[in-house]
Amino acid sequence: MESWQKLQAACEQCRSCSLWEGRTHLVFGDGNPEAKLMLVGEGPGEQEDLQGIPFVGPAGKLLDQMLEIIDLTRRDYYIANIVKCRPPRNRDPLAEEQEACMVWLRQQIALAEPKIILCLGRIAAQRLIDPDYRISREHGQWVQREGVWLSAIYHPSALLRDVGKRPETFDDLLSLRDKCRELKL
Ligand code: URA
């Protein structure tokens, strides 16, 4: 636990890209650092920046509701983002911002030692699974790397905009539930 605190304290000091200039709060992570399931989003939005907690805005509320259907709460997983500071006007984080910030996520992954990483949306999937990842074609598929199972679902913001994507996401979440059971998480 001490290492988590040290890591977060170091992250709070980060000035490796210019996103820190616009932040109200750095958004390090939330949930259970001991959990073997990790969820990774893109970067903080307005509410996350104001509260310093990932996925607490409208997209986060939808995510919580969807995960509750498969009996998962924040006690059951750890959740963080590729970038820890809010990009201006919620634009996609730039490649160099993502690269600069990955130093923190890599250490979060090293400390949490997840058995499953679920990417929330294209940006996280392209960073963690495959730079050419096509979310519309590949969501819900599983790959195993160095003992960690990885998959991606549509970003909850996309599901707010397009309810037509929700049924396939529900299938992906059932597959996540099966994977958690298989690995006895
Ligand atoms: N979208 C994300 O990708 N992350 C958050 O924390 C909130 C919205």
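Here are three short exercises, with worked solutions, on the ligand site and the empty spaces of this predicted model.

Before you start, note that residues are numbered from 1 along each chain as its sequence is written. Local features need pLDDT of at least 70 and side-chain atom pairs count only at pLDDT 80 or more, while totals for chains, interfaces and linings use all residues, and side-chain values use heavy atoms, with hydrogens and water left out.

**Exercise 1. Describe the surroundings of the ligand.**

Step 1: list the shell. A residue is near a molecule if one of its heavy atoms lies within 4 Å of it. The ligand is surrounded by G41, E42, G43, E48, P54, F55, N81 and H155.

Step 2: sort this shell by class. Ala, Val, Leu, Ile, Met, Phe, Trp, Tyr, Cys and Pro count as nonpolar, Asp, Glu, Lys and Arg as charged, and the others, Gly among them, as polar. The shell then has 2 nonpolar, 4 polar and 2 charged residues.

Step 3: look for pairs of N or O atoms within 3.5 Å, the cut-off for a polar contact. A polar backbone atom of E42 is 2.8 Å from a ligand oxygen, and one of G43 is 3.0 Å from a ligand nitrogen. For F55, a backbone N or O atom lies 3.0 Å from an oxygen of the ligand. Taken alone, the ligand exposes 240 Å² (Shrake-Rupley method, 1.4 Å probe), and the protein buries 93% of that.

**Exercise 2. Place the ligand in a pocket and describe the lining.**

Step 1: set the terms. On a 1 Å grid over the protein atoms alone, a cavity is a set of points where a 1.4 Å probe fits but cannot get out; a pocket is an open set with protein on both sides within 12 Å along at least five of seven lines, and lining residues have an atom within 4 Å of a point. A molecule sits in a pocket if more than half of its atoms lie within 2 Å of its grid points.

Step 2: apply them. The ligand sits in the largest pocket, whose volume (the space filled by probe spheres set on the points) is about 560 Å³.

Step 3: read the lining. Of its 27 residues, E42, G43, A59, H155 and S157 lie nearest the centre. Helix α7 (a DSSP run of H or I, at least four residues) gives the most, with 4 residues. By class, the lining has 10 nonpolar, 10 polar and 7 charged residues.

**Exercise 3. Describe the second largest pocket and the largest cavity.**

Step 1: take the pocket. It holds about 220 Å³ of space, and helix α8 (residues 166-182) gives the most to its lining, with 3 residues. That lining has 6 nonpolar, no polar and 5 charged residues.

Step 2: turn to enclosed space. The whole structure has 1 cavity of 30 Å³ or more, and about 100 Å³ lies in the largest cavity. Among its 15 lining residues, C14, S16, C17, C85 and C101 lie nearest its centre. Helix α4 (residues 95-112) gives the largest share of this lining, 4 residues.

Definitions and conventions:
Polar contact = N/O pair within 3.5 Å; in protein donor to acceptor, adjacent residues only side chain to side chain. Helix = DSSP H or I, 4+ residues; strand = E, 2+ residues; numbered from the N terminus.
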